[in-house]
Each structure stands twice: as structure tokens, then as C-alpha cells.
Amino acid sequence: MATDEVVHGSGRNVLHCAPDGPPLDGERAALDLIGDAMGRDAQVVAVPVARVPEEFFRLRSGVAGAVMQKFVTYRVRLAIVGDVTRHLDDSTALRDFVHETNQGGHIWFLPDLDTLDEKLRAAG
């Protein structure tokens with residue numbers, strides 16, 4: 001996939017972001033994705049882990065919190081899609097954070113798009 005595209009699945013439009021797009025590195029990047037999603041009538045944004053910079057996974061940096069807060073504020077779901085095992089192995093705090101986040105209905109860290117589809121079906 002060379003560009004972002006909207007895919008309809010499980011009763012929702014999902015903005016599938018291309019892996020080679022701009023990094024999800026702060027509030028401005030979050031707002032850009034949220035605006036794109038809203039403009040395309042997507043309720044969910046799926047960002048490949050390749051677009052998530054290292055500092056996002058260092059909770060002390062505040063990047064993850066700032067990004068996630070924007071998605072929650074604008075009521076657009078965010079899924080970070082891909083393997084984050086390396087980051088989880090490096091941080092117990094991050095591992096706990098991802099576990100708690102995945103229990104909610106708004107921000108998820110998921111291994112693939114099929115799991116996102118299952119999560120959306122279960123969320124109703």
C-alpha cells in the first residue's frame with residue numbers, strides 16, 4: 001500500500017495508513033491523521049508500527065500520551081498495528097500500559113489488521 005486508504009469493515013470505516021507515511025511523533029501528527037480520518041468519514045485509524053517512532057514507546061517522553069489524548073478527545077479510535085514485542089521486552093511499564101490500553105475501547109496495540117477487525121466486531 002503506497003497511500004493511506006479507507007476500508008470498510010465490521011460496520012466502521014478504517015483509515016489504513018501506509019507504512020511509509022509521516023511518523024506519528026506528536027500532537028500535530030495525531031491531528032493530521034484525525035483530520036484525514038474525519039474528512040474521509042473513518043472512525044478508526046490503523047497506524048503501522050513502522051510509522052511509530054522510538055520515543056513514542058518511551059512513556060517518559062510524553063509522546064504516546066499526547067497522541068492518544070488527541071484521539072480520545074476527537075473520539076477517533078487508534079490502533080497501532082504490528083509487532084511491538086521488542087519495546088515491551090524493554091519496559092515493564094510499557095507492557096502494563098499496553099495491556100491496560102488494550103482492555104479499553106479506544107486505543108489498541110494489535111499484531112495485525114485481522115485482529116483489528118475482530119476487535120471492532122467485538123466492540124460493536
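1. In which sense do strand 2 (residues 12-16) and strand 3 pair, and over how many bridges? They pair in the parallel sense, over three bridges, where two strands count as paired if DSSP finds at least two bridges between them. One bridge partner in strand 3 is Ala-46, which stands opposite His-16.

2. Please keep in mind that this is a predicted model, in which local features need pLDDT of at least 70 and side-chain atom pairs count only at pLDDT 80 or more, while totals for chains, interfaces and linings use all residues. Residues are numbered from 1 along each chain as its sequence is written, and side-chain values use heavy atoms, with hydrogens and water left out.

3. The five strands form an open sheet in the order 1-2-3-4-5, with mixed pairing. Strand 1 (5-9) and strand 5 stand at the edges with a single partner strand each, so one side of each has no neighbour in the sheet. From one strand to the next, the twist averages 25 degrees. Helices (H or I, at least four residues) and strands (E, at least two) are DSSP runs, numbered from the N terminus.

4. In helix 2 (residues 63-73), the buried residues (under 20% relative accessible area, 1.4 Å probe, protein chains only) are Val-63, Ala-64, Val-67, Met-68 and Phe-71. They lie on the same side of helix 2, because they cover an arc of only 115 degrees around the axis, taken from the directions from the helix axis to the C-beta atoms. Their cover includes helix 1 (27-39), strand 3 (44-48), strand 4 (77-81), helix 4 (92-103) and strand 5 (107-110).

5. Helix 2 is followed by Arg-75, whose phi is positive, near 55 degrees.

Key. Buried < 20%, exposed > 50% of the residue type's maximum accessible area, 1.4 Å probe, protein only. Contact = heavy atoms within 4.5 Å. Axes fitted to C-alpha atoms, helices over the stretch in contact; angles between N-to-C directions.
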